[in-house]
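Student: Hey, can we go through this protein together? I'd like to start with what people mean by a core.

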Amino acid sequence: MFSLSLQRKGIDTQMKIQIINGPNLNLLGKREPSIYGKGDFPSFLENLRRRYPQDELLYFQSNSEGELIDKIHEVGFGKADGIVLNAGAYTHTSVALLDALKAVETPAVEIHISNVHQREEFRHKSLIAAACVGVICGFGLDSYRLAVEALREASIG
């Protein structure tokens, strides 16, 4: 389903990618900078958009599980070519996010800024990974760029 829903003629084809950040990610640059870095997300997103001017990179953040599900439903049926999802702590607890991702057609890449496997044991298990085409973690904010690259590569494959 993933490659079929994203087939494109060439790398220069515009893609619409929805970035979705979950709880506490509005505090990037302030919250635990030793884990999440000192960079704020708006500045990073501006740079990411400059790097991919041919693409439309949309952004949504919420601390509410229901709002994250609503956004996945909103873009998951043809309004986006891909989803980059950092569900934060909901990664490890939300069957509802798993079900939302499984219900939509748009492929998603799960990402994490930190390497969750080097952290507390409860962070080692993702409930949403089974509904995603891939998982990227541990590369700081660059995890988002890597997810965009993965979606772009899949779109020409």
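Tutor: Sure. A nonpolar core is a set of buried Ala, Val, Leu, Ile, Met, Phe, Trp, Tyr and Cys residues joined through side-chain atoms within 4.5 Å. Keep in mind that this is a predicted model.

Student: OK, so how many residues does the largest nonpolar core have here?

Tutor: It has 21 residues. Phe41, Leu48, Val84 and Tyr144 have the most contacts inside it.

Student: Which elements give two or more residues to this core?

Tutor: Those are strand 1, helix 3 (41-51), strand 4 (108-112) and helix 6 (142-156).

Student: And what does Phe41 touch, leaving out residues up to four places away in sequence?

Tutor: Phe41 touches Ile19, Asn21, Leu28, Tyr59, Leu141 and Tyr144. Apart from the largest core there is another one, with 20 residues, including Ile69, Tyr90, Leu97 and Val104.

Student: Let's zoom out. How many helices and strands does the protein have?

Tutor: Six helices and five strands. If you read along the sequence, the pattern goes α-β-α-α-β-α-β-α-β-β-α.

Student: What share of the residues counts as buried?

Tutor: Of the 157 residues, 46% do. As for the surface, the protein exposes about 7800 Å², and carbon and sulfur atoms supply 51% of that.

Student: What about contacts between residues far along the chain from one another?

Tutor: Take the contacts with a separation of 6 or more: residues 24 or more positions apart account for 81% of them.

Student: New topic: Ile136. Where is it, and is it buried or exposed?

Tutor: Ile136 sits in strand 5 (residues 134-137). It counts as buried because its relative accessibility is 15%, and the cut-off for buried is under 20%.

Student: Which residues does Ile136 touch, not counting those up to four places away in sequence?

Tutor: Val109, Glu110, Ile111, His112, Ser143, Leu146 and Ala147. Ile136 and Ala147 are eleven residues apart along the chain, and their C-alpha atoms are separated by 7.0 Å.

Student: One more. What's the phi of Asn24?

Tutor: Asn24 has a positive phi of about 70°, although it isn't a glycine.

Student: And where is Asn24 found?

Tutor: In the loop between strand 1 (16-21) and helix 2 (33-36). Asn24 has a relative accessible area of 34%, so it is partly exposed.

Terms used
Residues numbered from 1 in each chain as written. Predicted model: local features only at pLDDT ≥ 70, side-chain atom pairs only at ≥ 80, totals over all residues. Heavy atoms only, no water. Helix = DSSP H or I, 4+ residues; strand = E, 2+ residues; numbered from the N terminus. Buried < 20%, exposed > 50% of the residue type's maximum accessible area, 1.4 Å probe, protein only. Contact = heavy atoms within 4.5 Å. Areas by Shrake-Rupley, 256 points an atom, 1.4 Å probe, with all protein chains shown as cover.
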